[in-house]
Every structure is written in structure tokens, then in C-alpha cells.
Amino acid sequence: MGPLVVGAVWVEDDGILSRIGVRDSKKLTPKVRERMYAEIVENADHWTVVIASAADIDERRKEKSLNDVELDMFAEAVRSNPCEEAYADCPDVNDARFASRLEALCPDTAVIAKHKADDLYPVVSAASIVAKVTRDRMIAELHEELGDFGSGYPSDHYTMDFISDWMRDNGCPPPHARRSWEPVRQMMSARAVRRLDEW
């Protein structure tokens, strides 16, 4: 549930990011991420986030894979402040292919894409923190609207239980659920089968 957020950070020298102590956002507590977020946005030469709502993702998934949706979002972020070199945490199984495809969309930028790049490069760690804090704040707003549904990730049983219970009570996925995600599609399919059996 919730949005997909891609973060990007620009620095001439990543020394400032190392001094802040940036690391993979998943390895930091929410409180530490918030503190680092404030320091990153204050000290970076430039930063941005690209956000796709659940409905945006579902619409794009009618024509593209999730990897292609993410690729487009990465390209949008890079093009927002052109640079000579970009480091990316690769969402594709093939990092060379992803780098080549991103370079094709950002022809003036050399792309270095690696798996676990948020562990390898401070600038990618900083971008992951900016993205994670942005998404966490948006999820907190959705909790106020819908109630606590957990993190919104499919690996979170609180999220999956919330969606399942909502569908049982309302007949459809809750607002802000990504209907194109396989777990939600399976729930919708199972519900449709049950309704047919009721005839």
C-alpha cells in the first residue's frame, strides 16, 4: 500500500555525507533517519524525490513492468538536475543492463548501477534516506485516513491482514492499495471465485 518513492541527492564531494554518517536507510531507526534527512537536505547541492501513488503505479503497470516504472522514475530524478555521473541502487537483476537503459534515458550522464549500492556509496545511502523518510511521512498520513495498516509492504503481515480484512468487509481493496501487486491480485481473484461459488 502507498506510494513508490525514488530519492536522488547531488553532491560534488560525498565527504559531508560520510560525516553525517549515512548508511542504507533500512539499517537506521526512524529517529536517526529523520535527523539525517534534515542534515542531507540542508547540506546537499541538490536533492529531489519522484513519487508515484498506488493509482499511478497501477495505471503504468498496464503497459510496463515494475522495473520499467522504476527506471522511468530514476530517469526523471536524474534529468531534474543534469550531472556527469549518477550512482544508482539497481532494482533489476542485471545491473549492467539497468545502467545501460538508464544512460539511454539520460544520455549526458554516465551511470554506475550496483546491487546494494546504498551500502557502497554515501550518495546512494543519502538518497535512500530521503526516499524512505518521504514515504514514511506519507504512510503516516494514510494511517490517519485508514487506520494502522503497518508498513504497506507485501512482506508485512499487518499490511496483508489489513487488506484482506478490508476486502472481506468492503468487497474491494482499500484506497491506496496497489491493485497491480500480485498479493492483492490474488486476494481479488480469490474473492471473485468465492462470489461465483455463491451463485
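Q: Starting with Glu39, what is its relative accessible area, and which class does that put it in?
A: Glu39 has a relative accessible area of 26% and counts as partly exposed, where buried means under 20% relative accessible area, exposed means over 50%, and partly exposed lies in between, with a 1.4 Å probe and protein chains only. This is a predicted model, in which local features need pLDDT of at least 70 and side-chain atom pairs count only at pLDDT 80 or more, while totals for chains, interfaces and linings use all residues. Residues are numbered from 1 along each chain as its sequence is written, and side-chain values use heavy atoms, with hydrogens and water left out.

Q: OK, and which side chain does Glu39 meet in a salt bridge?
A: Glu39 meets the side chain of Arg35, at 2.7 Å from N to O, a salt bridge being a side-chain nitrogen of Lys or Arg within 4 Å of a carboxyl oxygen of Asp or Glu. Arg35 has a relative accessibility of 42% and is also classed as partly exposed.

Q: Why do those two pair up, and how far apart in helix H2 are they?
A: Arg35 and Glu39 are four residues apart in helix H2, which spans residues 30-43, so about one helical turn separates them. In general terms, side chains of opposite charge can pair when their charged atoms come close. Helices here are DSSP runs of H or I with at least four residues, strands are runs of E with at least two, and both are numbered from the N terminus.

Q: What about Asp165, which residue does its side chain meet in a salt bridge?
A: The side chain of Asp165 meets that of Arg168 in a salt bridge, with 3.1 Å from N to O. Both residues belong to helix H8 (residues 157-170), where they are three residues apart, about one turn of the helix. Asp165 is partly exposed at a relative accessible area of 35%, whereas Arg168 is exposed at 54%.

Q: Which residues are joined into one network by salt bridges that share partners?
A: Asp24, Lys26 and Asp118 are joined into one network in that way. Within it, Lys26 pairs with Asp24, with the closest N and O atoms 3.2 Å apart. Lys26 is exposed, with a relative accessible area of 63%, but Asp24 is buried, with 5%.

Q: And how many salt bridges does the count come to?
A: The count comes to 14 salt bridges.

Q: Switching to cysteines, how many disulfides are there?
A: The count is zero disulfides, where a disulfide is a pair of cysteine sulfur atoms within 2.5 Å.

Q: Why does Cys90 have no bond to the closest cysteine sulfur?
A: The closest cysteine sulfur to that of Cys90 belongs to Cys106 and is 14 Å away, which is too far for a bond. Cys106 in turn has its closest cysteine sulfur in Cys83, at 8.0 Å, again too far for a bond. Cys90 is buried, with a relative accessible area of 8%, and Cys106 is buried as well, with 4%.

Q: Which residues form the negative surface patch?
A: The negative patch is formed by Glu12, Asp13, Asp14, Asp45, Glu84 and Glu85. Patch residues have over 30% relative accessible area and no salt bridge, with like charges joined within 9 Å and nonpolar side chains (Val, Leu, Ile, Met, Phe, Trp, Tyr) within 5 Å. Lys and Arg count as positive and Asp and Glu as negative, while His and the chain ends are not counted; each charge is placed at NZ of Lys, CZ of Arg, CG of Asp or CD of Glu. The accessible areas come from the Shrake-Rupley method with a 1.4 Å probe, and for residues only the protein chains shown count as cover.

Q: Where in that patch region does Glu84 sit, as to the loop?
A: Glu84 sits in the loop between helix H4 (66-79) and strand S3 (85-89), and it is exposed, with a relative accessible area of 71%.

Q: Which backbone angle of Lys116 should I look at?
A: Lys116 has a positive phi of about 60° although it is not a glycine. Its place is the loop between strand S4 (110-114) and helix H6 (117-120), and it counts as exposed at 60% relative accessibility. His176 also has a positive phi, of about 75°, without being a glycine; it lies in the loop between H8 and H9 and is partly exposed, with a relative accessible area of 31%.

Q: Last one, how many helices and strands does the protein have?
A: The protein has nine helices and four strands, running from the N terminus as β-α-α-β-α-α-β-α-β-α-α-α-α. Its C-alpha atoms fill a box of roughly 65 × 35 × 25 Å along the principal axes, and buried residues make up 42% of the 199 residues.
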